[in-house]
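Trainee: Before I use the descriptive terms for this model, I would like to hear how each of them is justified. Could we take them one at a time?

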Amino acid sequence: MSEHDQIRELIEAYALGALDEQERAAVATHLASGCPDCTKALEEARWLVTQLVYLAPSAEPSASLRARLLQELRSESFPAQVAEIKSRPAKAGIPFWMWAGVAALLLLTTYSAWTVKKQQGTIVDIQTQLNAAVKQREELQQELTAAKHEAVILTDPDSKKFMIWPSDKQMPKLEAAWHPDMGIYVSGQKVPMPGKNRVLQLWLISKSGKPMPSRTFWPDSKGKVDLMIDDPPEVMAQTKALAITEEPMGGSPQPTTTPMWVGGVS
């Protein structure tokens with residue numbers, strides 16, 4: 001790149017007073033040599049600077065917001081920027097009124113950016129609250145549906161109720177109710193928590209003896225079990241027993257331990 005091309009690339013920055021002392025001196029020396037292209041480019045750049053203030057979009061902040069914004073600007077770096085701008089006209093040869101227009105544009109741009117950022121933050125907060133409300137509503141709906149199912153299963157004469165007995169007599173027994181349309185409900189008290197990274201898993205033992213995997217679950221902190229299975233993998237007429245084993249986290253396609261509870265369905 002020739003020296004002329006290098007100087008040409010600095011003309012716009014020279015018109016804005018954005019060059020350091022060494023670059024400004026180099027451009028001034030080149031212009032003093034009478035280069036017609038660069039002289040014309042400087043005139044066009046200076047004209048463009050005078051038009052910047054007219055390109056800003058119309059925006060009128062409220063009185064309180066204007067006062068707050070001006071206070072923040074005074075406490076930060078804006079006064080230093082304005083002071084630096086005022087100190088440059090004598091060196092760059094640009095009238096002060098032109099820098100006043102640039103300062104006004106800078107103020108308006110800062111206000112616009114601050115307003116957009118504030119609006120974006122408000123939108124994010126609203127979206128977060130909305131997502132939380134939707135999630136809470138879904139959870140409540142699921143709890144309500146489960147409660148209705150449990151009530152029907154426990155009270156409907158069509159439900160078959162039976163016990164699920166522990167293999168260890170020190171363990172509590174569980175109760176089960178199976179409705180042909182609503183599913184299976186298993187409940188119990190004082191059920192011990194499975195080992196670390198382990199879960200309890202329900203199995204439906206078909207009349208052929210094949211175990212069909214169902215839900216994994218944990219008792220709550222008090223040992224209470226409330227397990228609802230809306231869509232059991234087998235129908236009641238084809239199932240002879242329910243069994244519960246302790247399995248690795250995530251469950252297993254086949255039992256890996258001896259059943260801790262077993263209860264005959266038919």
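Mentor: We will go through a helix pair first and then the strands, keeping in mind that the model is predicted.

Trainee: Why is helix α1 called roughly perpendicular to helix α2?

Mentor: Helix α1, residues 3–16, and helix α2, residues 21–32, pack at an angle of about 110°, with their axes 10 Å apart. Angles of 65 to 115 degrees count as roughly perpendicular, and therefore α1 is described as roughly perpendicular to α2. The crossing of these two helices, α1 and α2, is left-handed.

Trainee: Which residues of α1 and α2 meet, and what classes do they belong to?

Mentor: On the α1 side they are His4, Ile7, Leu10, Ile11 and Tyr14, and these meet Glu23, Arg24, Ala26, Val27, Ala28, His30 and Leu31 in α2. Sorted by class, the contact of α1 with α2 has 8 nonpolar, 2 polar and 2 charged residues.

Trainee: What makes strand β7 mostly covered?

Mentor: Strand β7 spans residues 239–248, and 8 of its 10 residues are buried. A residue is buried when its relative accessible area is under 20%, so with 8 of 10 residues in that class the strand β7 is described as mostly covered.

Trainee: How do you know that β7 pairs with β4 and with β8?

Mentor: Pairing requires at least two bridges between two strands. Strand β4, residues 198–206, is joined to β7 by 9 bridges, and β7 and strand β8, residues 261–264, share 4 bridges, so each of these counts as a pair. Both pairings are antiparallel. As examples of partners, Leu204 is bridged to Leu242 in β7, while Ile244 stands opposite Trp261 in β8.

Trainee: What makes β1 and β8 a pair, and how many bridges join β1 to β2?

Mentor: β1 and β8 have 2 bridges in the antiparallel sense, and because the requirement is at least two, the pair qualifies. Here Pro166 stands opposite Trp261 in β8. Strand β1, residues 160–166, is joined to strand β2, residues 174–179, by 5 bridges, also antiparallel, and one of the partnerships is Lys161 with Ala177 in β2.

Trainee: Why are β5 and β6 said to stand at the edges of the sheet?

Mentor: The open sheet has 8 strands in the order β5-β4-β7-β8-β1-β2-β3-β6, with antiparallel pairing. β5 (211–217) and β6 (225–229) each have a single partner strand, so one side of each is left without a neighbour in the sheet. From one strand to the next, the twist of this sheet averages 20°.

Conventions. Residues are numbered from 1 along each chain as its sequence is written. This is a predicted model: local features need pLDDT of at least 70, side-chain atom pairs count only at pLDDT 80 or more; totals for chains, interfaces and linings use all residues. Side-chain values use heavy atoms; hydrogens and water are left out. Axes are lines fitted to C-alpha atoms, for helices over the stretch in contact, and angles run from 0 to 180 degrees between N-to-C directions. Angles under 35 degrees count as roughly parallel, over 145 as roughly antiparallel, 65 to 115 as roughly perpendicular and the rest as oblique. A crossing is left-handed if the near helix is turned anticlockwise from the far one by less than a right angle, and right-handed if clockwise. Contact means heavy atoms within 4.5 Å. Ala, Val, Leu, Ile, Met, Phe, Trp, Tyr, Cys and Pro count as nonpolar, Asp, Glu, Lys and Arg as charged, and the others, Gly among them, as polar. Buried means under 20% relative accessible area, exposed over 50%, partly exposed in between (1.4 Å probe, protein chains only).
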